[in-house]
Each structure stands twice: as structure tokens, then as C-alpha cells.
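Grab a pencil and open the viewer. Below are some exercises, each with a worked solution to check yourself against.

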Amino acid sequence: MPPVTLLPPLALRLCNNPLAPEGAQLIVEGLADNTSLKHLSLLRTDLGDEGAEILANNLGKNKHLQEINLAYNGIHDQAALRLVEEASRHPTLGRVHLYFNEVSDSGLRALQTLGDVRVIVSLSEGSDASRHWSLILRELKANAGGWDQARMGSHLTLLLRDLQSSRALTGNWWRKARILRVETEVKLMLSRIHQGKL
């Protein structure tokens, strides 16, 4: 299990730990009276819909959290919408990351219209996130020999869906062209996986 990282000031990253819904319950208990934690990352922690619901039901018990990352957790529309509804009622929570989840296109659009909280539904959203494309591709290529093909295909499929959604939503032609270039590379890698050549 990767180590838990406490970063100053006031951030906790529990990424890539199999917390599951049981872990979400422990986290909300710790958050209830916490006044110092501002940023919480639960990226890829196997929370699923049940874990997202646990967080939604308990967000109001913490009055100081500013940002929470729940990317890559298998969260579907209903749980994502419920979580963002609660986040929009939170006095300080300003950003919720929900990219790489199992949210439909209509769910993604609905999430972006809820309340005052900024919901990041795409890794490519915002200038600060687009730099991750090349890092993800580099990581996937570096691990191509060690990961099973199904896992690699799953990562690439999530990235491709995210890119396609971002390209459809942006009005900036320069950005569309950059996204299309990355999409092409991802599709090529997926094709190689299906042919057993990666």
C-alpha cells in the first residue's frame, strides 16, 4: 500500500490506496471536527457510489475543507450529483474533482451547472490540467510491459473519453487541435493493444 502523505499546508493525499466505502467512513469521522485540513485527495481509492454517498452525507460536518479530489473512483451519475449538491451547500468547499469516473455525458453537463462549487469533470479542463495528458501517456507507455492489457486498455479508454468530451465542449480551435492530436495517439495505442502489439 502506498504511503499516506501529509503535505503542508493542510493537505492530505490518500491516492491509490484501496480505501473502499469502509475507508470513506473512517475519513468522514476524521473530517468531522477537523479545522486545519483544506485539500483532500482520494484519487483512485475504490470509493465507488457507496463511498461517494458516505462523503456526501457527511460533508456538512466539516466547515473548512476547500478542495476534494474524487477522480477515478467508479462514481456514477446519481452519486456524483448528490455529492456536488452537498458540496454546493458547503461554506468553504470551492472545487470538486470528478474526472475519470463513470458519469454519463448528460451527467457531466448537469454537474457543471450545480451551485457555486467548481466541478472538474475533465482532466483537460482548465489550463492547469492539460499538462497531464503527456504525463499520463508517458506513464502508460513506460508500464506497457508490466501491466496487463486489460488494465492498460481501461486507462486509455478513460483518457480517450475524457479527451473527446473536452474537445466537444471547447470553443477554442487551437485547443481542439491539441486535444485531437492526443486523441489520435491514444487511439493508436488502443489499436495496438487490441492487436496484441503493445
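## Warm-up: the whole chain

The protein chain has seven helices and six strands. Keep in mind that this is a predicted model.

**Exercise 1.** Write down the order of helices and strands, then describe burial, contacts and surface for the protein chain.

*Solution.* Start with the order: read along the sequence, the pattern is β-β-α-β-α-β-α-β-α-β-α-α-α. Next comes burial: of the 198 residues in the protein chain, 44% are buried. Now take the contacts with a separation of 6 or more: 70% of them join residues 24 or more positions apart. Last, the accessible surface is about 10,400 Å², and carbon and sulfur atoms own 54% of that.

## Helix H1

**Exercise 2.** Which residues of H1 are buried, and which are exposed on the other side?

*Solution.* First get the helix on screen: H1 runs over residues 20-31, 12 residues in total. From first C-alpha to last, H1 reaches 17 Å, close to the 16 Å expected at 1.5 Å a residue.

Now pick out the buried residues of H1: Ala20, Pro21, Gly23, Ala24, Ile27, Val28 and Leu31. They cover an arc of only 150° around the axis, so they sit on the same side of H1. Turn to the other side of H1 and you meet Glu22, Leu26 and Glu29, which are exposed.

What do the buried residues of H1 pack against? Their partners are strand E3 (39-41) and helix H2 (48-58).

**Exercise 3.** Ala20 and Asp46 are not glycines, yet each has a positive phi. Where does each one lie, and is each buried, partly exposed or exposed?

*Solution.* Take Ala20: its phi is about 60°, and its place is in helix H1. With a relative accessible area of 18%, Ala20 falls under the 20% cut-off, so Ala20 counts as buried.

Asp46 also has a phi of about 60°, but its place is the loop between E3 and H2. At 48% relative accessible area, Asp46 is partly exposed.

## Rings and charges

**Exercise 4.** How many aromatic pairs does the structure hold, and which residues form one aromatic cluster?

*Solution.* You should find two aromatic pairs. Begin with Tyr72 and Phe100: 5.9 Å centre to centre and 85° between the planes, an edge-to-face pair. This pair links distant parts of the chain, 28 residues apart. Tyr72 is in the loop between E4 and helix H3 (77-89), while Phe100 is in the loop between strand E5 (95-97) and helix H4 (105-111).

Check burial: Tyr72 has a relative accessible area of 19% and is buried, and Phe100 is buried at 12%.

Next, Tyr99 and Phe100: their ring centres are 5.9 Å apart and their planes are at 80°, so this pair is edge-to-face. Both Tyr99 and Phe100 are buried. Put the pieces together and Tyr72, Tyr99 and Phe100 form one aromatic cluster.

**Exercise 5.** Which ring does the charged end of Arg44 sit over, and which residue lies over the face of Trp173?

*Solution.* Arg44 goes with Tyr72: the charged end of Arg44 is 5.3 Å from the centre of that ring. Over the face of Trp173 you find Lys176, at 5.5 Å from the ring centre.

## Three buried residues

**Exercise 6.** For Asn62, Asn69 and Leu108, say where each lies and what each touches, not counting residues up to four places away in sequence.

*Solution.* Asn62 first: look in the loop between H2 and E4. Asn62 is buried, with a relative accessible area of 2%, and touches Leu31, Ala32, Asn34 and His90. Leu31 has turned up before, among the buried residues of H1.

Asn69 is in strand E4 (residues 67-69) and is buried at 11% relative accessible area. Its contacts are Leu40, Ser41, Leu42, Leu43, His97 and Tyr99. Tyr99 takes you back to the aromatic cluster with Tyr72 and Phe100.

Finally, Leu108 is in helix H4 and counts as buried at 10% relative accessibility. Leu108 touches Val103, Val121, Arg161 and Ser165. One distance to finish: the C-alpha atoms of Leu108 and Ile120 are separated by 9.4 Å, with the two residues 12 apart along the chain.

How values were computed
Residues numbered from 1 in each chain as written. Predicted model: local features only at pLDDT ≥ 70, side-chain atom pairs only at ≥ 80, totals over all residues. Heavy atoms only, no water. Helix = DSSP H or I, 4+ residues; strand = E, 2+ residues; numbered from the N terminus. Expected span 1.5 Å × (residues − 1). Buried < 20%, exposed > 50% of the residue type's maximum accessible area, 1.4 Å probe, protein only. Arc of directions from axis to C-beta. Contact = heavy atoms within 4.5 Å. Phe/Tyr/Trp six-rings, centres within 6.5 Å; stacked < 30°, edge-to-face > 60°. Lys NZ or Arg CZ within 6 Å of the ring centre and 35° of its normal. Areas by Shrake-Rupley, 256 points an atom, 1.4 Å probe, with all protein chains shown as cover.
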